[in-house]
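Student: Please take a close look at the surroundings of the ligand, and then place that site within the fold as a whole.

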Amino acid sequence: MIEVKNISKKFNNNVVLNGIDLNINKGDVVAIIGPSGTGKSTFLRCLNRLEKPENGSITIDDLNVDLAHSDKKSLVELRKKTSMVFQGFNLFSKKTALENVMEGLIVVKKMDKKKAEEIAREQLKNVGLLEWANHYPAHLSGGQQQRVAIARALAMEPELLLLDEPTSALDPELVGEVLDTIKKAANEGYTMLLVSHEMNFVKNVATRVIFLENGKIIEDGPPKEVFNHPKSDRVREFFAKINRMVEPEYSI
Ligand SMILES: Nc1ncnc2c1ncn2[C@@H]1O[C@H](COP(=O)(O)OP(=O)(O)OP(=O)(O)O)[C@@H](O)[C@H]1O
Ligand SMILES: [Mg+2]
């Protein structure tokens, strides 16, 4: 089990996360949903310490990291166990697809180049991009770049994979290939924390959905329950708004 305890984060006087606790079972795909600006990205970023919270800890296996006061060594250990996939892919533009996937293995895991390349090729093959190994990000479509980013994250064999709106920067026709890649990783048993606005995907792939608002988790349950029978009025209202966007009330 992965145990997240008491994460609090504010920017100046803006309290974004207000003491969040979350236990995640191995193999679970936990989707985080909620209105814009509610702290979903900040929460993910605190968990692998791209953002430093005022308070909070994460325990993964035998590693316990105090996220507010961690030393360099425990941060390296944390980054070995967590990987993040970003909305904007965040690939190194001056490195090929293969070199992008190799980077963390060499820098964080201190692997030798030959072994790192072997793993990177295997991962690129897994996401269907082996023949693009020697291309630079600028030569790849958004969907392909995001699949390289997923290959890079999975190459680290993370205990927890963090995905922050991995499809929202993509042209609509490229969304499917990235969602398929994520679904494949979910089926392989990776533990994931996923922020997504793709509600149908969340319904199909997530084993658990949490709704974040005003710094707190206000709903937490299996997708069927959260989507069909939300406990709180606020969550019901959120879904009603989303459904109105899918099925407009007005036509021109
Ligand atoms: N570096 C920062 N400095 C100041 N305020 C920040 C910073 N990063 C985030 N915030 C604020 O924290 C709040 C939460 O932002 P965050 O990006 O985590 O929301 P979100 O739920 O991911 O939103 P979205 O769905 O639009 O991506 C917002 O009010 C945002 O303006
Ligand atoms: Mg966000």
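Tutor: The account below begins at the ligand and moves outward to the strands and the chain.

This is a predicted model, in which local features need pLDDT of at least 70 and side-chain atom pairs count only at pLDDT 80 or more, while totals for chains, interfaces and linings use all residues. Residues are numbered from 1 along each chain as its sequence is written, and chains are lettered from A and ligands numbered from 1 in the order in which they are written.

Ligand 1 is surrounded by Phe 11, Asn 14, Val 16, Ser 36, Gly 37, Thr 38, Gly 39, Lys 40, Ser 41 and Thr 42; a residue belongs to these surroundings if its C-beta atom, placed from the backbone, lies within 6 Å of the ligand. Two elements, β2 (14–24) and α1 (40–47), each give two or more residues to this shell, and α1 gives the most, with three. Helices (H or I, at least four residues) and strands (E, at least two) are DSSP runs numbered from the N terminus. By character, the shell divides into two nonpolar, seven polar and one charged residue. Here Ala, Val, Leu, Ile, Met, Phe, Trp, Tyr, Cys and Pro count as nonpolar, Asp, Glu, Lys and Arg as charged, and the others, Gly among them, as polar.

Strand β2 pairs with β1 (residues 2–11) in the antiparallel sense over eight bridges, where pairing requires that DSSP find at least two bridges between two strands. Within this pair, Ser 8 has Asn 18 of β2 as its bridge partner. The two strands form a hairpin with two residues between them, and Asn 12 in the turn has a positive phi of about 50°. β1 is also joined by five bridges to β4 (residues 55–60), again running antiparallel, with Lys 5 opposite Ser 57.

A further part of the fold is an open sheet of six strands in the order β6-β7-β8-β3-β9-β10, with mixed pairing. β6 (82–85) and β10 (216–221) stand at its edges with a single partner strand each, so one side of each lacks a neighbour in the sheet. Inside this order, β3 (residues 29–33) and β8 (residues 192–195) run parallel and are joined by four bridges; Ile 32 has Val 195 in β8 as its bridge partner.

The protein chain as a whole has nine helices and ten strands. Along its principal axes, the C-alpha trace spans about 55 × 50 × 35 Å.
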